[in-house]
Structures are given as C-alpha cells and as structure tokens.
Amino acid sequence: MADQGRWFKLWCSSLNDSALDALSIADYGRWAKLGALTKEQGTGGVLRVTAPARSLCAMLQVETYEMLVTMIQHYPHLSVTIEDRYTKIEFLNWHKYQVDNSAQRVARFR
C-alpha cells in the first residue's frame with residue numbers, strides 16, 4: 001500500500017549536500033522527481049519498479065529500463081537492490097526527512 005502522501009519534503013539542506021551538489025542539474029531534478037514519486041506510490045521510502053517501467057523512463061527522460069537502473073544506482077542517498085521480479089529503490093533516511101511528526105510536537109503546547 002502506497003503512502004499516498006500529498007507532499008514530498010525537499011529540504012533546503014539538499015542545496016548544500018555535497019553528494020547532491022555533484023549531480024548535474026538534470027540528475028538533481030530526476031532525483032527530486034523520483035523522491036516525489038516514491039512519496040506518492042512507494043511505502044516508507046521504498047519504491048518497487050518492474051521492467052520495462054515505460055512511464056518512469058519517460059518521466060525521468062531515459063530511453064531504457066537498463067539505463068534507468070544504472071542511472072539511479074549512482075544517485076546519492078539511495079539504495080538500489082535488483083530482485084527477481086523488480087528493482088527496489090530505497091531512499092535512505094526517509095523517516096528522518098519525510099515523516100510528519102508535528103502532531104506530537106504541537107500537542108505538547110496545547
């Protein structure tokens with residue numbers, strides 16, 4: 001079941017992250033799009049992609065599934081695991097950056 005979140009938090013600290021800064025602006029955009037898609041269709045920061053993933057390839061402007069996987073394997077803060085039926089893409093530190101824990105914080109002040 002997907003998280004079905006409406007918001008993907010792109011923290012301003014990503015501008016000063018040396019690993020992300022090493023990406024081209026096109027790859028930075030692809031990394032951000034992948035994060036938004038993971039928020040919308042993934043679960044807990046994990047997106048499972050099945051070949052040929054034509055719509056994802058089109059979204060990220062790559063020609064083939066193989067090119068997609070190779071590209072994503074080089075992105076920082078991601079773990080890519082190739083399994084039998086799908087490729088598992090996991091954003092590291094997802095919980096730290098994406099989980100909304102404001103309800104508990106706000107409740108303390110009420």
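Which residues of the largest nonpolar core touch the most other members? In this predicted model, the residues in question are Trp31, Leu68, Ile72 and Leu78, out of the 24 residues that make up the core. Two or more residues are given to this core by each of H2, S1, helix H3 (54–59), H4 and S3. The arrangement of these elements is described below, followed by the surroundings of individual residues.

The protein contains six helices and three strands. Read from the N terminus, its elements follow the order α-α-β-α-α-β-β-α-α. Of its 110 residues, 34% count as buried. Among contacts between residues at least 6 apart in sequence, 59% join residues at least 24 apart.

The three strands form an open sheet with the order S1-S3-S2 and antiparallel pairing. Strand S1 (46–49) and strand S2 (78–82) are the edge strands, each pairing on one side only. From one strand to the next, the twist averages 15°. In general, the strands of a sheet pair through backbone hydrogen bonds, in either a parallel or an antiparallel manner. Here, S1 is joined to strand S3 (residues 87–91) by four bridges, and the two run antiparallel. Within this pairing, Leu47 has Ile89 of S3 as its bridge partner. On the other side, five bridges join S2 to S3, again in an antiparallel arrangement. Leu78 stands opposite Phe91 of S3. S2 and S3 form a hairpin, with four residues between them.

The side chains of S3 alternate along the strand. Thr87, Ile89 and Phe91 point to one face and are buried, whereas Lys88 and Glu90 point to the other face and are not buried. Helix H4 (residues 65–73) lies across S1, S2 and S3 and runs at about 140° to S2.

Helix H2 spans residues 25–41. With 17 residues at 1.5 Å a residue, H2 should span 24 Å, the expected span being 1.5 Å times one less than the number of residues. The end C-alpha atoms of H2 are 24 Å apart, which agrees with this expectation. The buried residues of H2 are Asp27, Tyr28, Arg30, Trp31, Ala32, Leu34, Gly35, Leu37, Thr38 and Lys39. The list thus includes charged residues such as Asp27 as well as Trp31 of the nonpolar core. Beyond its neighbours within four places in sequence, Trp31 is in contact with Leu10, Leu20, Leu23, Tyr75, Pro76, Leu78 and Phe91.

Asp27 also lies in helix H2. Asp27 counts as buried because its relative accessibility is 19%, and the cut-off for a buried residue is under 20%. The side chain of Asp27 makes a polar contact of 3.1 Å with the side chain of Arg30. When residues up to four places away in sequence are not counted, Asp27 touches Met71 and Tyr75.

Phe91 is found in strand S3. With a relative accessibility of 6%, Phe91 counts as buried. Leaving aside neighbours within four places in sequence, Phe91 is in contact with Trp31, Leu34, Gly35, Thr38, Gly45, His77 and Leu78. Among these, Trp31, Leu34, Gly35 and Thr38 are listed with the buried residues of H2. His77 is 14 residues from Phe91 in sequence, and the C-alpha atoms of the two are 6.0 Å apart in space.

Trp94 is placed in helix H5 (residues 94–98). The relative accessible area of Trp94 is 7%, so this residue is buried. Trp94 and Leu78 are 16 residues apart along the chain, and their C-alpha atoms are separated by 9.7 Å. Leu78 recurs in several of these descriptions: it stands opposite Phe91 in the sheet, is in contact with Trp31, and is one of the core residues that touch the most other members.

How values were computed. Residues are numbered from 1 along each chain as its sequence is written. This is a predicted model: local features need pLDDT of at least 70, side-chain atom pairs count only at pLDDT 80 or more; totals for chains, interfaces and linings use all residues. Side-chain values use heavy atoms; hydrogens and water are left out. Two strands pair if DSSP finds at least two bridges between them. Axes are lines fitted to C-alpha atoms, for helices over the stretch in contact, and angles run from 0 to 180 degrees between N-to-C directions. Contact means heavy atoms within 4.5 Å. Buried means under 20% relative accessible area, exposed over 50%, partly exposed in between (1.4 Å probe, protein chains only). A nonpolar core is a set of buried Ala, Val, Leu, Ile, Met, Phe, Trp, Tyr and Cys residues joined through side-chain atoms within 4.5 Å. A polar contact is a pair of N or O atoms within 3.5 Å; within protein, one must be able to donate a hydrogen and the other to accept it, and residues adjacent in sequence count only if both atoms are side-chain atoms.
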